[in-house]
Every structure is written in C-alpha cells, then in structure tokens.
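Please consider the following model, beginning with the overall fold and proceeding to the ligand and its surroundings.

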Amino acid sequence: MAEPVRILVLHGPNLNLLGRREPEIYGRTTLEEIDRRLAAQAAAFARVPVELACFQSNHEGVLIDRIQEAADWADGILVNPAALGHTSIALRDALAALGTPVVEVHLSNVYRREPFRHQSLVSAVALGLVAGFGADSYRLGLDALLNAVLAARG
Ligand code: CA2
C-alpha cells in the first residue's frame, strides 16, 4: 500500500464567515462546505491515499502554532492566508521553516481588487498560487499540491 500523502489545509482570519456575509465578493459556499468538498476530493484521489486536516483560525499565532505542530506530519500545506497573506512576515516564516511544499489559494482575484491586496508575503514561499475561482480555487490548489508532492517523491 502506497504511503499516504498528508495535507494540512489552513484558512486564515474571517474565512469562518464565508457564505454568510459579502456573498457578492466571496460567494455563497460556506467554509464547512469547502472542507467537505476537499475531503471528497482527497478520498477520490486515485494514486495514493490522502489524509487531510483542515483548520481555521482568526489568530495569527494560532495558525503559526498549527503549522509548527504539523512539522512531523504534513507533506504539504494548502493555505488561504486571507488578509494575513498581505501583512504577516511571521506566517510567511512559519511556512518557510516547515520546508514542505505550500500552495496559496484565494477565493477572489486579489489583483483585480484594492492595491493593498496585490502584495502577498506568502507567495514567495509558495510553489504556486490559485486565485479568483471562488471555492474552486481550493480544488485546483489541492490537485496541484498533490501532484507536486508525488512528483517530488519520484
Ligand atoms: O480572496 C480571498 O480568498 C482572500 O484571501 C479573502 C480575505 C482577503 O482579505 C484577501 O485579500 C483575499 C478575506 C477573508 C474574509 O472572508 C470573508 C468572508 C465572508 C464575509 C466577510 C469576510
């Protein structure tokens, strides 16, 4: 049996409000629904078993603690850093220190929005970035991350 791929999915501040506020920007899909879809996608992944752990916090330090706790477990991180992506050197450093592949996702196309959303400190430590496809950004990001982890295994 193939070694499972273990993915930590991180959602940053305010994403717990998804589907309940500002649907014109972020859509009507709740965070619980996004996590359910990711779990179904992981279960359907044919090449190897995939284990997912999904986690949301409104607190920078709590997210960083969760990243550090994943050090001996995660093969990759799928992260929507939310506003912290634009501001947090600490989050960026925690992701970089982990040393596993990171894929950054955003629901909205941050480059069509206010200039302060055009900078991401996380992008420089990520393999890649998916933005602008709503909840589908997560599906595309997970697919890319799984393929990258498997490619690195050889
Ligand atoms: O587009 C994204 O996924 C963002 O990461 C969402 C962040 C925003 O600060 C980033 O620039 C882009 C905001 C997350 C807040 O989510 C809400 C959802 C519903 C209602 C209010 C906020």
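**From the chain to its ligand**

The model shown here is predicted. For a chain of 154 residues, a compact globule would have a radius of gyration near 15 Å; the protein chain has 15 Å, and therefore agrees with that expectation. Taken along the principal axes, the box filled by its C-alpha atoms is roughly 45 × 30 × 25 Å.

The secondary structure of the protein chain comprises six helices and five strands. Followed along the sequence, these elements are arranged in the pattern β-α-α-β-α-β-α-α-β-β-α.

Attention may now turn to the ligand. The ligand occupies the largest pocket. Around the ligand there are 17 residues, of which His86, His106, Leu107, Ser108 and Arg117 come nearest. Sorted by class, this shell contains nine nonpolar, five polar and three charged residues.

Which residues place polar atoms beside oxygen atoms of the ligand? Among them is Ser108, with an N or O atom of its side chain 2.5 Å from an oxygen atom of the ligand. Arg117 likewise contributes its side chain, a polar atom of which lies 2.9 Å from a ligand oxygen atom. At Ala83, by contrast, the backbone is involved: a polar backbone atom is 3.4 Å from an oxygen atom of the ligand. As for the extent of enclosure, the ligand on its own has 510 Å² of accessible area, and the protein covers 94% of it.

Technical notes: Residues are numbered from 1 along each chain as its sequence is written. This is a predicted model: local features need pLDDT of at least 70, side-chain atom pairs count only at pLDDT 80 or more; totals for chains, interfaces and linings use all residues. Side-chain values use heavy atoms; hydrogens and water are left out. A residue is near a molecule or strand if one of its heavy atoms lies within 4 Å of it. A polar contact is a pair of N or O atoms within 3.5 Å; within protein, one must be able to donate a hydrogen and the other to accept it, and residues adjacent in sequence count only if both atoms are side-chain atoms. Accessible areas come from the Shrake-Rupley method with a 1.4 Å probe; for residues, only the protein chains shown count as cover. On a 1 Å grid over the protein atoms alone, a cavity is a set of points where a 1.4 Å probe fits but cannot get out, and a pocket is an open set with protein on both sides within 12 Å along at least five of seven lines; lining residues have an atom within 4 Å of a point. A molecule sits in a cavity or pocket if more than half of its atoms lie within 2 Å of its grid points. Ala, Val, Leu, Ile, Met, Phe, Trp, Tyr, Cys and Pro count as nonpolar, Asp, Glu, Lys and Arg as charged, and the others, Gly among them, as polar. Helices (H or I, at least four residues) and strands (E, at least two) are DSSP runs, numbered from the N terminus. The radius of gyration is taken over C-alpha atoms; the globule rule is 2.2 Å times the number of residues to the power 0.38.
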